[in-house]
Amino acid sequence: MHLRRSKVKFSRIKQIFISHLHGDHYYGLIGLLSTFELLGRKGELTIYGPKGIKKIILVQLELSEAHISYPMHFIELESDAPERIYEDDKVMVDTIPLHHRVYCNGYLFRAKPGPRRIVIEAAKEAEIDVAYFNRLKQGHAAPNKHGVLIPNTSVTLDPHPPKSYAFCSDTKYFPEIVKQLKNIQVLYHESTFLEAHKDLCERTMHSTAKEAAHIAKVAKVETLVLGHYSGRYRNLEDFRTEAQEVFQNTLLAKDGKEFIF
Ligand SMILES: [Zn+2]
């Protein structure tokens with residue numbers, strides 16, 4: 001767990017999303033929950049994951065006689081269809097049902113479009129009082145100090161495109177997910193194997209780098225991030241090379257590495 005070394009403030013972590021109950025995807029969770037307790041966390045925490053996640057965590061806490069004093073909620077998932085599991089005024093989170101050896105979901109995180117952006121110089125020049133700026137941000141026209149109605153688009157710009165990120169691990173090649181990933185900014189897709197070991201994908205229900213790239217290409221995402229490489233490979237650059245035959249804008253995830261989009 002490299003979270004402590006990252007710059008993420010623990011108190012800002014209010015939700016945790018677990019894809020499936022294979023150990024490498026949640027064994028670190030109990031340690032993290034205990035660390036939160038040691039650090040005196042007070043704020044609520046909500047954990048999303050497959051049905052069973054609550055039992056697994058509570059039995060570990062019970063048998064180790066560990067007590068968690070901050071409010072902890074579990075949202076257990078069992079649907080095979082995409083679900084909106086979280087929404088507030090800024091973001092929404094949907095599940096992306098994946099195809100793995102056990103029940104597994106990826107997660108799609110999308111920001112909502114922000115307000116229109118006021119071009120301050122233009123608004124000043126049009127002699128619009130700052131009291132009307134909120135109206136402009138909402139897309140309405142506003143009067144200037146002479147009572148002339150100024151059209152919104154002459155003093156504002158479109159909002160920045162909302163950010164979007166999909167996390168897809170673990171899964172075999174599953175084109176079904178493409179419809180949820182259309183035109184998103186960043187797709188993380190597992191690539192456990194290279195094409196040379198494609199036969200292992202069937203058995204283990206994982207994907208190759210090339211398959212991940214196919215998903216990225218068909219979904220027309222902006223950036224593909226690969227990860228979850230099998231330990232058998234020495235040179236991770238091979239994953240990028242293989243994926244780039246299909247999808248150029250491919251990055252390699254590594255523990256502790258940060259991407260800013
Ligand atoms: Zn797995």
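Which residue in β5 is the bridge partner of Arg-84? Keep that question open while you load the model, which is predicted.

**Stop 1: the β4-β5 hairpin**

Select β4, residues 84–87, together with β5, residues 91–97. The two strands form a hairpin, and three residues lie between them. Their pairing is antiparallel and runs over three bridges. Show Arg-84 and look across to β5: the bridge partner there is Asp-94.

**Stop 2: the seven-stranded sheet**

Now widen the selection to the sheet that holds this hairpin. Seven strands make up an open sheet, and their order is β4-β5-β6-β11-β12-β13-β14. The pairing in this sheet is mixed. In general, strands of a sheet pair through backbone hydrogen bonds, in either the parallel or the antiparallel sense. The edges are β4 and β14 (250–252), each of which pairs on one side only. Going from one strand to the next, the twist averages 20 degrees.

**Stop 3: the β14 edge**

Move to the edge formed by β14 and select β13, residues 223–227, as well. Here β13 and β14 pair in the parallel sense, over three bridges. Display Leu-226 and, opposite in β14, Leu-252.

Which helix lies across β13 and β14? Select residues 237–244, which are helix α8. This helix lies across both strands and runs at about 165 degrees to β14.

**Stop 4: α7 against α8**

Keep α8 and add α7, residues 209–219. The axes of α7 and α8 are 8 Å apart, and the packing angle is about 45 degrees. The two helices are therefore oblique to each other. Their crossing is right-handed. To see the contact, show Ala-209, Lys-210 and Ala-213 on α7, then Phe-239, Glu-242 and Ala-243 on α8. By class, this contact of α7 with α8 has four nonpolar residues and two charged ones, with no polar residue.

**Stop 5: the three-stranded sheet**

Go back towards the start of the chain for another sheet. Three strands form an open sheet in the order β1-β2-β3, and the pairing is parallel. β1 (15–17) and β3 are the edge strands, each pairing on one side only. The twist averages 15 degrees from one strand to the next.

Select β2, residues 45–50, and β3, residues 72–77. How many bridges join these two strands? There are six, and the strands run parallel. Two of the pairs can be picked out by residue. Tyr-48 has Ile-75 as its bridge partner in β3, and Pro-50 has Leu-77.

**Stop 6: helices on the three-stranded sheet**

Add helix α2, residues 53–63. Together, β2, α2 and β3 make a β-α-β unit that is right-handed. α2 lies across β2 and β3, and its direction is at about 140 degrees to β3. Then add helix α1, residues 27–38. α1 lies across β1, β2 and β3, running at about 170 degrees to β2.

**Stop 7: α1 against α2**

Hide the strands and keep the two helices. The axes of α1 and α2 come within 11 Å and cross at roughly 55 degrees. That angle makes α1 oblique to α2. α1 passes α2 in a right-handed crossing. Which residues make the contact? On α1 they are Leu-29, Ile-30 and Leu-33, and on α2 they are Ile-53, Ile-57, Gln-60 and Leu-61. Sorted by class, the contact of α1 with α2 has six nonpolar residues, one polar residue and no charged residues.

**Stop 8: two backbone details**

Finish with the backbone in two loops. Most residues other than glycine have a negative phi, and most peptide bonds are trans.

Select Glu-127, in the loop between α3 (120–125) and α4 (133–137). What is the sign of phi for Glu-127? Phi is near 60 degrees, a positive value in a residue other than glycine.

Then select Asp-170, found in the loop between β11 (164–168) and α5 (178–181). The peptide bond that joins Ser-169 and Asp-170 is cis, with omega about -5 degrees.

Methods
Residues are numbered from 1 along each chain as its sequence is written. This is a predicted model: local features need pLDDT of at least 70, side-chain atom pairs count only at pLDDT 80 or more; totals for chains, interfaces and linings use all residues. Side-chain values use heavy atoms; hydrogens and water are left out. Axes are lines fitted to C-alpha atoms, for helices over the stretch in contact, and angles run from 0 to 180 degrees between N-to-C directions. Helices (H or I, at least four residues) and strands (E, at least two) are DSSP runs, numbered from the N terminus. Angles under 35 degrees count as roughly parallel, over 145 as roughly antiparallel, 65 to 115 as roughly perpendicular and the rest as oblique. A crossing is left-handed if the near helix is turned anticlockwise from the far one by less than a right angle, and right-handed if clockwise. Contact means heavy atoms within 4.5 Å. Ala, Val, Leu, Ile, Met, Phe, Trp, Tyr, Cys and Pro count as nonpolar, Asp, Glu, Lys and Arg as charged, and the others, Gly among them, as polar. Two strands pair if DSSP finds at least two bridges between them. A crossover is right-handed if, with the strands pointing away from the viewer, the path from the first strand over the helix to the second runs clockwise.
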